[in-house]
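Biologist: Hey, got a minute to go through this one with me? Put it up and I'll ask as we go.

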Amino acid sequence: MTSGFVRGVISSTVLVGVAIVALGSERAHAFAENIRHGYVNCISCHVSPTGGGALTSYGRELSRELMSTWGREGEQNWMYAYEPSTRLALGGDVRNAYSYVDNTTVRQGKWYFMQADVEGYANVLPEGKSQSLWVGGSLGIEKKNQSVEDYDFLTRRHWINYRPTDEVSIRAGKFLANYGLNVPDHVAFFKRMTGRDQGSETYNAEVAWIGENWNAIATAVFGRPDDLSLRRAERGASLSASYAFLNRNRVGVSYWNGESDLTRRQLTGPFAMLGITERLYVLSELGFQWASDKARDTEQRGFVTYTRVGYEAHKGVIPYVLHEFNALNDQSWGNRTDGYGAGLQWLPRPHLEANMMFQKRRTPSIAAGYVDYAYMMLHFYL
Amino acid sequence: MQRFGKRVLFGAAASALSLALVGAVVFTPKSGAAPKPAQKSAQKPAQKSAPTSETALAPAAPLTQSQAKQVTLKKEGSTRFLAIGRPSALRIVGKGAAPEGKIEVSGGKATGQIAVDLSTFTTENGLRDRHMKEKYLEVDKAANKTARLTIQECAVPPDFFNGASATAAGLPFKGTLSLHGEERSVEGSVSLSRDASAIRGDAKFEVKISDYKIAVPSFAGITVAENVQIEVALVGADDAETKARP
């Protein structure tokens with residue numbers, strides 16, 4: 001296992017290097033927990049109205065000034081070189097992850113390539129206009145199969161976003177439709193079990209009101225008309241409304257109604273981002289789902305939760321505890337899974353993030369007791 | 001299965017307890033924030049024309065001119081501002097040192113001057129703090145280092161200093177604010193409370209920063225709204241009582 005771990009670190013480093021030199025692209029990675037500093041909306045730091053992806057120039061400054069343990073003047077620039085502009089936002093992410101499971105039948109650790117993307121958006125309206133029109137997208141590579149070194153090019157996101165006022169945003173294109181917290185935790189039950197994992201981007205049209213207190217976002221989801229082989233890609237709509245209060249808290253509720261070639265489902269529930277103090281935060285989400293399998297003509301109901309409590313012990317060093325519960329299938333209670341654990345998120349310098357998490361997980365139908373699960377993610381944002 | 005069910009119940013109970021704790025923490029007034037007036041009077045609507053107080057053991061005997069009270073501010077107070085950054089509705093909360101100064105209450109009217117050292121303000125962001133102090137407030141210039149609020153008109157209920165304790169909510173005040181070398185009229189409200197240990201006040205008012213010839217702060221696409229909310233938490237002691245103590 002140790003040698004596998006070392007090989008993984010080396011291959012990750014190589015991959016990161018290759019991606020820096022060559023290309024990259026990919027997925028929403030936002031830090032909702034920054035609400036504890038008064039960042040109640042995503043667009044302070046991200047070009048995307050719903051967060052994640054390319055950073056605004058303000059977001060880049062913040063990555064050094066507020067979020068990283070160390071950082072020199074200018075280090076936050078794109079690829080350490082391009083000084084941020086309010087009219088051109090460049091980004092990109094390279095992520096690799098290691099997961100480890102230890103139970104009575106298997107002990108396995110494995111590195112996964114997650115993403116390597118570059119991303120760019122430009123405001124194409126003339127300087128001095130109060131409105132903005134952002135256009136851009138991402139380009140990257142994805143592994144066709146985790147077990148073989150075979151890659152495909154892909155563009156996970158490309159969209160056009162018109163903002164006639166500070167509060168109103170209209171966007172169309174390919175992106176992850178808005179729902180709930182949208183935390184970047186790749187392995188969270190909430191993401192994996194509700195179809196909001198990496199690669200779930202669809203073509204959408206989105207209208208958003210992003211106010212001082214109230215946010216409301218409506219999204220029409222058109223699935224993946226560019227690739228009809230993706231039978232799980234859903235079409236439908238999502239609605240989300242939330243309210244910010246006491247300068248660093250937000251609570252809201254989301255609703256999703258989607259249908260794919262295989263399933264039909266509704267998902268709804270509340271979410272909360274609470275900045276208890278400047279250092280302590282809570283992210284929590286609860287989703288109730290009603291789903292039916294079209295082929296088998298079966299139905300299942302259930303819920304899934306996600307709760308993370310973190311504390312910034314030192315600038316950029318954020319230990320946290322995590323609890324998750326997945327009981328989305330009331331027809332098979334034995335398949336429920338709960339997990340609790342602790343982790344550490346560290347942003348040592350601009351561009352770098354490491355997230356390590358250890359969890360005890362239990363699924364009664366698989367094993368009587370809790371099993372060990374560990375996860376580590378290395379993230380280099382361009 | 002049963003054990004699992006028990007664990008679920010235990011988990012649900014623990015979650016409910018956690019939520020209750022979180023709720024209690026979130027909705028409990030934070031230390032450092034401007035103090036709220038005592039609950040009894042806080043529930044009362046602001047009465048601009050006829051402010052009232054509620055006193056314990058209150059033999060109503062208004063202060064006369066010769067019984068003027070001098071209140072010296074102590075260091076337990078604080079100053080706070082809230083600015084909104086656009087377009088993202090970013091909340092910028094600045095916290096500064098306790099205001100210093102004296103307030104005199106005489107004939108049912110409070111007057112006085114309080115001063116705050118602007119170089120003590122922080123907003124949890126070093127770069128922003130540097131910009132705020134160097135580029136906008138220009139606190140390196142001696143004349144700009146201190147903001148002064150002169151209270152010219154604030155009616156205090158005549159029985160406020162009677163009895164062991166008292167509260168008075170929503171008292172309107174008028175005065176002038178000297179900031180960044182400019183002086184402008186301001187209006188706001190203050191809530192007062194008094195007990196054996198101190199006299200406390202929670203003053204709120206709004207300033208338009210362009211009135212004080214402060215450039216509207218803008219950085220990396222975020223522009224601060226011109227109107228800034230100010231909250232001043234005052235903690236003071238009656239000079240006469242302080243001197244009388246052994």
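Modeller: We can start with the contact between the chains and then look at some local spots. Keep in mind that this is a predicted model.

Biologist: Okay, how many residues does each chain put into the contact?

Modeller: Chain A gives 38 residues and chain B gives 30. Between them they bury about 3,000 Å², and 58% of that area comes from carbon and sulfur atoms.

Biologist: And how many salt bridges are there between chain B and chain A?

Modeller: The count is 5 salt bridges. One of the pairs joined by a salt bridge is R248(A) with E124(B), at 4.0 Å from N to O. There are also 12 residue pairs in polar contact between the two chains, counting pairs where both residues are at pLDDT 80 or more.

Biologist: Which elements of chain B give two or more residues to the side that touches chain A?

Modeller: Those are α1 (2–26), β3 (78–86), β4 (90–96) and α3 (126–136) of chain B. The largest share is from α1(B), with 6 residues. By type, that side of chain B splits into 17 nonpolar, 9 charged and 4 polar residues.

Biologist: Let's stay with β3(B) and β4(B). In which sense do they pair, and over how many bridges?

Modeller: They run antiparallel, paired over 7 bridges. If you want a spot to click on, L82(B) sits opposite V93(B) in β4(B).

Biologist: What about the turn of that hairpin, which residue takes a positive phi?

Modeller: That's A89(B), with phi near 60°, and the hairpin has 3 residues between the strands.

Biologist: Is β4(B) enclosed or open?

Modeller: β4(B) is largely enclosed by the rest of the structure, because 6 of its 7 residues are buried.

Biologist: Switching to chain A. Where does S238(A) lie?

Modeller: S238(A) is in strand β9 of chain A, which covers residues 235–245.

Biologist: Buried or exposed?

Modeller: Buried. S238(A) has 2% relative accessibility, and the cut-off for buried is under 20%, so S238(A) falls in that class.

Biologist: Then what does the side chain of S238(A) reach?

Modeller: The S238(A) side chain reaches the backbone oxygen of N178(A), at 2.9 Å.

Biologist: Which residues is S238(A) in contact with, leaving aside neighbours within four places in sequence?

Modeller: N178(A) is on that list too, along with I217(A), A218(A), T219(A), Y255(A) and W256(A).

Biologist: Great, that's what I was after. Thanks!

Definitions and conventions: Residues are numbered from 1 along each chain as its sequence is written. Chains are lettered from A and ligands numbered from 1 in the order in which they are written. This is a predicted model: local features need pLDDT of at least 70, side-chain atom pairs count only at pLDDT 80 or more; totals for chains, interfaces and linings use all residues. Side-chain values use heavy atoms; hydrogens and water are left out. Contact means heavy atoms within 4.5 Å. Buried area is the accessible area (1.4 Å probe) that two parts lose on being put together, summed over both. A salt bridge is a side-chain nitrogen of Lys or Arg within 4 Å of a carboxyl oxygen of Asp or Glu. A polar contact is a pair of N or O atoms within 3.5 Å; within protein, one must be able to donate a hydrogen and the other to accept it, and residues adjacent in sequence count only if both atoms are side-chain atoms. Helices (H or I, at least four residues) and strands (E, at least two) are DSSP runs, numbered from the N terminus. Ala, Val, Leu, Ile, Met, Phe, Trp, Tyr, Cys and Pro count as nonpolar, Asp, Glu, Lys and Arg as charged, and the others, Gly among them, as polar. Buried means under 20% relative accessible area, exposed over 50%, partly exposed in between (1.4 Å probe, protein chains only). Two strands pair if DSSP finds at least two bridges between them.
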